[in-house]
Amino acid sequence: ANPRWEVLLLNKKQKNKRDNKGIMIRLGKYVFAQWHLFIPAVIFTLFSNQLSLLGPRYSGAAIDAIESASGVDFPVVYENVSKMIICYAASAVLSYMLAVVMIHLSQKITYKMRKELFEKLNTLPVNYFDTHSTGDIISHLSYDIDTINSTLSHDLVQVMTSIYTVVGSLIFMWQISRVMILIFVFTVPVSILFTRYRSKKVRPLFSARAKKYGELNGYAEEMLSGARTIEAYGRQDVISERFNEHNEAAMNAYYNAEYNAALLFPTINFINNISIALVAIFGGILYMYSQSGAVAAGTVFFITLGGVAQFVQYSRKFAGPINEFSNILHEFQSAFSAAERVFRILD
């Protein structure tokens, strides 16, 4: 090993961590500046997810009432089914209100960022515009800002929802069966480590994609604005060939970024499906032992059929956000790259 290269690699990793942290802090300042919209969004998130988490509990209670040894207790079934429907309906309404608030929030933030960026461009010296193509500059105002807007309006909601759902599901599963939670002790760390490993490889690819798109837009804008001159000197074939090179480079950069990001979702989904299958198998075994009397009621190994049904539903809710997070992770990587390009001009 070369000590010099090891030091350079370590310095690069530390710089990337500082850059990511700095970008998150600066984007957070834009979000918190709209606190009158952000606070209601957090409240809607909490209540919507809490109501959604109560649904499986009422569902399990209804199943236990149907499976009762003394016969079906219809009043209990109807009561729990009614509560479940009310919870899911109210959760859907609050989710809709949350989406509306987040759209307003993201639009205000992107309006402010685009305004600041345009005002900054008006103060830059002529030398900057001589060394940067017009198309690349325009891509900052359009493509980069739109990428940030998409993340703030949709992905940020997903992250807030995922955090609450994971914690809430874990609490409910702990109350149902502490033994079955041990399954996630093995599967969750694998998902987290794999997600972290892939994210480090994907981030530079999205930065390269944004750069290549800027170069493509810049070249196209310059050549189209000088179309008469190109035609007068008969340079159409040469210009077209150069455009094809830029176009192919942008295509390859896009493919590499999306391909490596797409590998993350099916892998995490496979791990989560394994954990859910283990929950169903292990839960069924515990239920059969509980029914046979081999496990006494009130012990950590005792579980009812409704409890198994609840645990399976909560395990899906628990694994779902991890799945969604891996799916939107490449969107965050793209947004961070876009924000980095915007902040570089503002600075």
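This is a short talk on how the helices pack in this structure, and on a few residues that sit between them.

Okay, hi everyone. One thing before I start: this is a predicted model, so please keep that in mind throughout.

Let's begin with the inside. The largest nonpolar core has 37 residues. If you want to find it on screen, click on Met-102, Met-113, Leu-121, Ile-148 and Phe-343, since those are the ones with the most contacts inside that core. Which helices feed it? At least two residues each come from α1 (3–33), α2 (35–66), α3 (74–123), α5 (134–176) and α10 (305–346). And there's a second core, separate from that one, with 20 residues, including Phe-172, Val-188, Leu-286 and Ile-322.

Let me zoom in on Met-102. Leaving out anything up to four places away in sequence, Met-102 touches Ala-41, Leu-152, Ser-153, Leu-156, Val-157 and Met-160. Now take one of those partners, Leu-152, which lies in helix α5. Is Leu-152 buried or exposed? Its relative accessible area is 9%, so Leu-152 is buried. Beyond its sequence neighbours up to four places away, Leu-152 touches Val-31, Met-102, Ser-106 and Ile-109. If you're wondering about Leu-121, it is 31 residues from Leu-152 in sequence, and their C-alpha atoms are 24 Å apart.

On to helix pairs, starting with α2 and α3. Their axes come within 7 Å and cross at roughly 160 degrees. An angle over 145 degrees counts as roughly antiparallel, and therefore α2 and α3 are roughly antiparallel to each other. The crossing is left-handed. What is the contact of α2 with α3 made of, by residue class? There are 26 nonpolar residues, nine polar and two charged.

A nice spot to look at here is Ser-48, over in helix α2. With a relative accessible area of 4%, Ser-48 is buried. Its contacts, setting aside neighbours within four places, are Ser-91, Leu-94 and Ser-95. So you can see two more serines among the partners of this serine.

While we're on α3, have a look at Glu-116, which is also found in that helix. Glu-116 comes out as partly exposed, at 26% relative accessibility. Outside its four-place neighbourhood, Glu-116 is in contact with Tyr-30 and Leu-346. Phe-332 is 216 residues from Glu-116 along the chain, and 22 Å separates their C-alpha atoms.

Next up is α10, and my pick there is Tyr-314. How accessible is Tyr-314? It has 0% relative accessibility and therefore counts as buried. Not counting residues up to four places away, Tyr-314 touches Leu-53, Leu-54, Pro-56, Arg-57, Ser-169, Phe-172, Met-173 and Ile-176. You may remember Phe-172 from the second core. Another residue to compare is Ile-171: 143 residues from Tyr-314 in sequence, but 9.6 Å away in space, C-alpha to C-alpha.

Last region: helix α6, residues 182–225. I'll show two of its partners.

With helix α8, residues 236–262, α6 packs at an angle of about 160 degrees, and the axes are 8 Å apart. That makes the two roughly antiparallel, therefore, and α6 passes α8 in a left-handed crossing. By class, this contact has 17 nonpolar, four polar and six charged residues.

Leu-216 of α6 is a good residue to click on here. At 12% relative accessibility, Leu-216 counts as buried. Ignoring neighbours within four places, Leu-216 is in contact with Phe-243, His-246, Asn-247 and Ala-250. Ser-162, by comparison, is 54 residues from Leu-216 in sequence and 37 Å from it in space, C-alpha to C-alpha.

The other partner is helix α9, residues 264–292. How do α6 and α9 pack? The angle is about 180 degrees, with the axes 10 Å apart, which means α6 is roughly antiparallel to α9. On the α6 side the contact includes Ile-183, Phe-184 and Phe-194, and on the α9 side Ile-268, Leu-278 and Phe-282 are among the residues involved. The breakdown is ten nonpolar, six polar and one charged.

That's my tour. If you open the structure afterwards, I'd begin at Met-102 in the largest core and then hop over to Tyr-314 in α10. Thanks, happy to take questions!

Key:
Residues numbered from 1 in each chain as written. Predicted model: local features only at pLDDT ≥ 70, side-chain atom pairs only at ≥ 80, totals over all residues. Heavy atoms only, no water. Axes fitted to C-alpha atoms, helices over the stretch in contact; angles between N-to-C directions. Helix = DSSP H or I, 4+ residues; strand = E, 2+ residues; numbered from the N terminus. Parallel < 35°, antiparallel > 145°, perpendicular 65-115°, else oblique. Left-handed = near helix turned anticlockwise from the far one by under 90°. Nonpolar A, V, L, I, M, F, W, Y, C, P; charged D, E, K, R; others polar. Core = buried A, V, L, I, M, F, W, Y, C linked by side-chain atoms within 4.5 Å. Buried < 20%, exposed > 50% of the residue type's maximum accessible area, 1.4 Å probe, protein only. Contact = heavy atoms within 4.5 Å.
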